[in-house]
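Student: I'd like a close look at one part of this model, please. Take me through it slowly, as you would at the bench.

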Protein chains: 2
Amino acid sequence: MPETRRITSADVARRAGVSRATVSYVLNATPGQSISPATRDRVLRAAAGLGYAPSAAARTLRTGRSDVVLCLLPDWPIGNEVGNLLGNLSTALAREGLTFVAHPGSRADRPIAEIWKAITPAAVLSFTDFSDDETEAMRAAGVALVVALLGRAGRHGRELEVPQQLVGRRQAEHLVGTGHARLGYAYPDDPRLRIFADPRLAGVRAALGRQPVVETVPLDAEPAAEAVRRWQAAGVTGVCAYNDEVALAVLAGARTLSLTGLAVIGVDDIPAARLAVPPLTTVTTDQRTLATHLATTVVAAVSGRPAPMLPTADLIRVVTRESA
Amino acid sequence: MPETRRITSADVARRAGVSRATVSYVLNATPGQSISPATRDRVLRAAAGLGYAPSAAARTLRTGRSDVVLCLLPDWPIGNEVGNLLGNLSTALAREGLTFVAHPGSRADRPIAEIWKAITPAAVLSFTDFSDDETEAMRAAGVALVVALLGRAGRHGRELEVPQQLVGRRQAEHLVGTGHARLGYAYPDDPRLRIFADPRLAGVRAALGRQPVVETVPLDAEPAAEAVRRWQAAGVTGVCAYNDEVALAVLAGARTLSLTGLAVIGVDDIPAARLAVPPLTTVTTDQRTLATHLATTVVAAVSGRPAPMLPTADLIRVVTRESA
DNA sequence: CTGTTAGCGCATTCAC
DNA sequence: GTGAATGCGCTAACAG
């Protein structure tokens, strides 16, 4: 096994008969440098011939920033939809020459500073908000963009907050449109989900013009049945659920009471939704569009350009099945 | 906003009145170097006082390896269980001072070399196998460990392969134990899942002593009903499903045929399983134990120690509900 | 023993 | 177009 020494820009320079600086200028197409096409060509050819690839570590050291975009995952269980979003985001960022990685694990485990310090990322995304200190520290360390995908309004990351509200709106609109006037909202049991649930609930309220009857629904038939009973007592005929799983719980609760006719609408369109009894009507987000937008935002920030607007037109759709 | 210059080991050295080398020796507790407690203390104090943190980039450049463990995610949809495993893995590796990150996105999008070159990881994990060339390239680049979590037997990553077989075994054992002699296997529709499905099926076969009646089951009630019909014709009374979603499809198919009494057992215990009609019996893996083991394996490899054995004893459990 | 000097690892970029 | 400095930490060789 031959000790394969790394190929460095010096090797390329030697082979092309130029200096390392020139190699750098050519390979990075540095603006404001005039390099003759002939030299340019020699360098390119030499680099290709040697199979040269710049050392990411050296580049990071020098520029103070890598080509990696770090996403801090929340500590609540991530499902298919989030997985999907991450995949699309990764693809979209790859098109821009950025490498996307996600870090799972709660902040409690480990201060987030340790994580970004280990990566020296160009940008950091997070589902939950950063503290001002954290934001400041990252900025100071050269991280170009720090975005919370969800969080207090009026901050950096309104990009994804609006869609969450829209999700709730669409649910309510669908139910109202099919003749339900008194609506319930099935709120998730897990407090960590509040960050998603609150804007969705707000969307329902906005579309409805008043507060729906909110019940917290655990993912279990018995307690869900309790909630359904209370809804019944309140005259509720249609329920917007936080997501499909909660919606399935509502369905299970209604079944426990042998109650039919309660309209239920979920969010996400997980595989189990179409297989439920009855098949679950739900709302989906166009993850691809969202991911592309997010990627564009990141790229814009990294290169100092202004961020684009999110096209909210067809972003969220209702998948109508039998449950509502 | 004061231009906060980065604090380097030179700053610490200056403040402690020693050379940078000494700082390095103290902070890394380099063996074979004897440094007086007094000096040691001064350095430590200076470092703490300054809030010094070594530059990961410089360290990576110098040592040729970062403290990051990169996990290449498969291109098939990742669900809660995988998300869970990743979280646990991250926690376990953090305890060892390693930073875990995952890269979603298919290999088709981007050659995997680009990804690890951007990270310079200490180790790379993957669900699917690496080609020999890829493995070799990573090794040559200084990646300490390259593990495929699943893949051809007899290679590096038997760690997780065994559990997959065990999953199938447990399913079959449960069904056989409850009086079912003729078993069916509900194989997933998505070809990308074969890598998980094949070992599970093999486990069922092993436990059963012969091949079960295999049917491919899409996540849709109609086609699932077809499969159920064929199982009926073959005298099958119990079905092991690839996972809970496929199991739900089988249940939906049986319902379409108004057939009751077909025993079905899934894998994963997703939230929807307990809410199904009937509640789904399923098999779960102790992700925490698995993650800890994996983390230990990684750490062992990075530091050149031998890998531990996976404790398979209570790793996989049957969650009995009404479907089987 | 203690601790230092010197130079490496690589790419980027300023000044000539 | 080039030489030399820079970013930061690690470590072999060496002096006190």
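Which helix gives the largest share of the surface near DNA strand C?

Tutor: That would be α2(A), which puts five residues into the surface near DNA strand C. Keep in mind as we go that this is a predicted model.

Let's stay with strand C for a bit. In total, 28 residues surround it, and the closest are S9(A), R20(A), R62(A), T22(B) and T39(B). Of the strand C atoms that come within 4 Å of the protein, sugar and phosphate make up 51%. Sorted by class, this surface has twelve nonpolar, eleven polar and five charged residues. Besides α2 of chain A, the elements that supply at least two residues each are α4 of chain A and α2 and α4 of chain B.

Now look at the phosphates of strand C. The side chain of Y52(A) has an N or O atom 2.8 Å from a phosphate oxygen. From chain B, a polar side-chain atom of S19(B) also sits 2.8 Å from a phosphate oxygen of this strand, and an N or O atom in the side chain of S34(B) is 3.3 Å from one.

Next, compare the protein chains themselves. Chain B superposes on chain A by a rotation of 180° with 0.1 Å of shift along the axis, at an RMSD of 0.2 Å. The two copies are therefore related as by a two-fold rotation axis. Both copies use the same surface, since 100% of the contact residues of chain B recur in chain A.

With that in mind, turn to DNA strand D. Here the largest share of the nearby surface, five residues, comes from α2(B). The 27 residues around strand D include T22(A), S36(A), T39(A), S9(B) and R20(B) as the closest. On the phosphate side, an N or O atom in the side chain of S19(A) is 3.1 Å from a phosphate oxygen of strand D. Two backbone contacts go with it: a backbone N or O atom of S36(A) lies 2.3 Å from a phosphate oxygen, and one of S9(B) lies 2.6 Å from a phosphate oxygen.

Finally, see how α2(B) is placed in its own chain. The axes of α2(B), residues 20–28, and α3(B), residues 37–50, come within 10 Å and cross at roughly 90°. These two helices are therefore roughly perpendicular to each other. T22(B), V23(B), V26(B) and L27(B) of α2(B) make the contact with T39(B), R40(B), V43(B) and L44(B) of α3(B). By class, that contact has five nonpolar, two polar and one charged residues.

Key. Residues numbered from 1 in each chain as written. Chains lettered and ligands numbered in written order. Predicted model: local features only at pLDDT ≥ 70, side-chain atom pairs only at ≥ 80, totals over all residues. Heavy atoms only, no water. Axes fitted to C-alpha atoms, helices over the stretch in contact; angles between N-to-C directions. Helix = DSSP H or I, 4+ residues; strand = E, 2+ residues; numbered from the N terminus. Parallel < 35°, antiparallel > 145°, perpendicular 65-115°, else oblique. Contact = heavy atoms within 4.5 Å. Nonpolar A, V, L, I, M, F, W, Y, C, P; charged D, E, K, R; others polar. Least-squares fit on C-alpha atoms with pLDDT ≥ 70 in both. Near = heavy atom within 4 Å. Polar contact = N/O pair within 3.5 Å; in protein donor to acceptor, adjacent residues only side chain to side chain.
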